[in-house]
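Q: Hi, do you have a minute to walk me through this structure? I'd like to get my bearings before I go back to the bench.

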Amino acid sequence: MLNFIRSDLAQLIAYTPHPGGTSGEPARAQMPLDRLDTNETPYDLPEELKQKLAIAYEREIEANRYPDGSHAALKEAIAAYVRESAAAAGGDADPGKLAIAPANISIGNGSDELIRSLLIATCLGGEGSILVANPTFSMYAILAKTLGIPVVEVGRKEANFEIDLAAAREAISSTQNPPVRSVFVVHPNSPTAQALTPAEIDWLRSLPEGILAVIDEAYFEFSQTTLVGELQQHPNWVILRTFSKAFRLAAHRMGYAIGHEEAIATLEKVRLPYNLPSFSQAAALTALHHRQILLASIPEILAERQRLTEALSQLPSLQVWPSAANFIYLRPIGELSPGELMQKLKAKGTLVRHTGGGIRLTVGSPEENSRTIERLQELI
Ligand SMILES: *Cc1c(COP(=O)(O)O)cnc(C)c1O
């Protein structure tokens, strides 16, 4: 190890997007791999939108100029989408009352950047620890560790993966030097695909104002569950969203945070001045403008999720949990370990994610899902 590197980074294991690799030794190497390990939408942008973007690049984007560092147009469009989609999702969100303005939005180079900014804004310099409930999105703990921020971990109930709330309360009251400053939850959770339960939401409501609750709604468009309607009552909540999943823009790295003006102003202080390339801003604006076209694929994905869940639930040595997102959590019961199952699926040409003691399987195109069912039937 080089002497100038921080000693705690030697122990750190980096996030690996495709631990099994996207190339390598699938049995039928000439066949394209089914990439069902990173929860994207299976479909690229439609041709017409790609053409619009190509024209924008040709005529509007000045490659020699820095991008818009204020993100003004995009924040306006995102705020409008947040209000509209919350009203459509129902629940507590009354569109008349939901005062989400551009000042309540900060945009990151993927929501990963926003996670890091939130950690910098709340915990850096020995001021705080974070709390996560495993299994959950690994990026919170990985990014915290890169910043030297302690991570307090609690578990979940096996039946429905509800957070062990007694353990969480206990961890918050007993953690000192530094105390828990941020709690990270996903709604619905990755990899287990369950929306927050009423008890979990009550717990978030009960957190003291000195603790930030980060509610990651990366899969909102699939679940139609959101806590946006309660943001005004909870200045210590920040909601994260992304363009990487339902909006089909994973390649462009665009995510956003919704929260209290002061929290958002702090995120704006912490971010890099030109964090969003002009082309990615144009892509996100185009995607929002044409959201009806892009989000029209969601009913098919939800129907396919149902088909996959039913078919896989038939397999006797596979445990399958219900999903509120565009992926399904499974565990093999018996001889085969989840790691072995991942490797065997890869050999047949299907990439899945081995995480949290199980397998996270993305709902793909109908053809991909049929192959997934077939391959799992052969293996299980
Ligand atoms: C996919 C995903 C994201 C998206 O991250 P980006 O950096 O915006 O691509 C965020 N949170 C969770 C839980 C996810 O699964």
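**Strands, helices and the ligand**

A: Happy to! This is a predicted model. Let's begin with one strand pair: β10 (residues 327-332) and β13 (residues 358-362) are antiparallel and joined over four bridges.

Q: Who sits across from F327 there?
A: T362 in β13 is the bridge partner of F327.

Q: And what order do the strands take in the open sheet of four?
A: The order is β9-β10-β13-β12, with antiparallel pairing. β9 (318-320) and β12 (353-355) are the edge strands; each has a single partner, so one side of each has no neighbour in the sheet. From one strand to the next, the twist averages 30 degrees.

Q: Which helix lies across those strands?
A: That's α12 (residues 338-348), which lies across β9, β10, β12 and β13. Helix α12 runs at about 35 degrees to β13.

Q: Okay, switching topic. How is the seven-strand sheet arranged?
A: That one is also an open sheet, in the order β2-β8-β7-β6-β5-β3-β4, and its pairing is mixed.

Q: Why do β2 and β4 have one side without a neighbour?
A: Because β2 (105-109) and β4 (151-154) stand at the edges, where each has a single partner strand. As for the twist in this sheet, it averages 25 degrees from one strand to the next.

Q: How many bridges join β3 to β5?
A: Three, and the two strands, β3 (residues 129-133) and β5 (residues 180-186), run parallel. Within that pair, L131 stands opposite V183 in β5.

Q: What does α6 touch on the sheet?
A: Helix α6 (residues 198-206) packs on the sheet and touches β3, β5, β6 (212-216) and β7 (237-242). The direction of α6 makes about 155 degrees with that of β5.

Q: Nice. Now the ligand: how many residues surround it?
A: There are 13 residues around the ligand, and the closest are S111, Y219, T242, S244 and K245. By class, that shell has five nonpolar, four polar and four charged residues.

Q: Which helix gives the most to that shell?
A: Helix α3 (residues 110-122) does, with three residues.

Q: I'd love some distances. What is 2.6 Å from a ligand oxygen?
A: A polar backbone atom of S111 is at that distance from an oxygen atom of the ligand. Side chains come in too: an N or O atom in the side chain of D216 is 2.7 Å from a nitrogen atom of the ligand. For R253, a side-chain N or O atom is 2.7 Å from a ligand oxygen atom.

Q: And how much of the ligand's accessible area does the protein cover?
A: The protein covers 93% of the 390 Å² of accessible area that the ligand has on its own.

Q: Last topic, the backbone. What kind of peptide bond joins N134 and P135, cis or trans?
A: The bond between N134 and P135 is cis, with omega about 0 degrees. P135 is in the loop between β3 and α4 (139-146).

Q: How about S190 to P191, cis or trans?
A: The S190 to P191 bond is cis, with omega near 10 degrees. P191 is found in the loop between β5 and α6.

Q: And what is the phi of F161?
A: F161 has a positive phi of about 60 degrees, although F161 is not a glycine. You'll find F161 in the loop between β4 and α5 (165-174).

Q: Great, thanks for the tour!
A: Any time!

Key:
Residues are numbered from 1 along each chain as its sequence is written. This is a predicted model: local features need pLDDT of at least 70, side-chain atom pairs count only at pLDDT 80 or more; totals for chains, interfaces and linings use all residues. Side-chain values use heavy atoms; hydrogens and water are left out. A residue is near a molecule or strand if one of its heavy atoms lies within 4 Å of it. A polar contact is a pair of N or O atoms within 3.5 Å; within protein, one must be able to donate a hydrogen and the other to accept it, and residues adjacent in sequence count only if both atoms are side-chain atoms. Accessible areas come from the Shrake-Rupley method with a 1.4 Å probe; for residues, only the protein chains shown count as cover. Ala, Val, Leu, Ile, Met, Phe, Trp, Tyr, Cys and Pro count as nonpolar, Asp, Glu, Lys and Arg as charged, and the others, Gly among them, as polar. Two strands pair if DSSP finds at least two bridges between them. Axes are lines fitted to C-alpha atoms, for helices over the stretch in contact, and angles run from 0 to 180 degrees between N-to-C directions. Contact means heavy atoms within 4.5 Å.
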